[in-house]
Amino acid sequence: VPLAQPCEAPQLVERLREAVESYRFHAIEGLQLTVSVGLTAHSLYQTAPEELLRRANAALVRAKQHGRNRVRQYLSGMLDEASRHEAIERRLVGAFERGEFHLDFQPQWSLKALDRPCGAEALLRWRAPDQQTVGPDVFVPILEQSGLMVEVGRWIIDQALDTLASNRQRLPTNFFVSINN
């Protein structure tokens, strides 16, 4: 959008957000739209349109990572982060079907009996084909954003219960497995 001053962009975005969010759907009671925006500014003829779109998309990814219904201005370095995010997202596609996810079980201890664990927490881990470790703090939000977390969550529950059942005779009575999903 051509603006007289780049500082007018946030004000324009806020007016647009308010207009969208104030719209009420008569057919669907309670439905409300929200808007996430990636914002970048430039001086005329200094930046190619394709580059502006890449920057705006990088800012949009950042806005969505911080909880939707947000506006984020492009800052230097966001393109690198957005590229990394997109690369991880591409690698995640099919990772579930390829069997790249596994569970690690972190023991839980009772202060009353430190001789044996009383339970375990099931932790999702991803072993990528290139053996690069990607932490759950990075890939879980991407799974959630892509809608894959529901399927992976079911798999986590199934795997944790199967592991518990197959080891039941070796485990203490009342041993539990907790799942954060």
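Colleague: What phi does Gly147 take, just after helix 4?

Modeller: A positive one, about 85 degrees. This is a predicted model, where local features need pLDDT of at least 70, side-chain atom pairs count only at pLDDT 80 or more, and totals for chains, interfaces and linings use all residues. Residues are numbered from 1 along each chain as its sequence is written, and side-chain values use heavy atoms, with hydrogens and water left out.

Colleague: What makes something a helix or a strand here?

Modeller: Both are DSSP runs numbered from the N terminus: H or I over at least four residues for a helix, E over at least two for a strand. Helix 4 covers residues 136–146.

Colleague: Why is Arg17 called buried?

Modeller: Its relative accessible area is 11%. Buried means under 20%, exposed over 50% and partly exposed in between, using a 1.4 Å probe and protein chains only. So Arg17 counts as buried. It sits in helix 1 (residues 9–22).

Colleague: What does Arg17 contact, leaving aside neighbours within four places in sequence?

Modeller: Val35, Val37, Asn69 and Val71. Contact means heavy atoms within 4.5 Å.

Colleague: Back to helix 4: which of its residues are buried?

Modeller: Phe139, Val140, Ile142 and Leu143. Seen down the helix axis, they fall within an arc of 160 degrees, so they line one face of helix 4. That arc is taken from the directions from the helix axis to the C-beta atoms.

Colleague: And what do those buried residues of helix 4 pack against?

Modeller: Helix 3 (78–92), helix 5 (149–166), strand 3 (101–108) and strand 4 (119–126).
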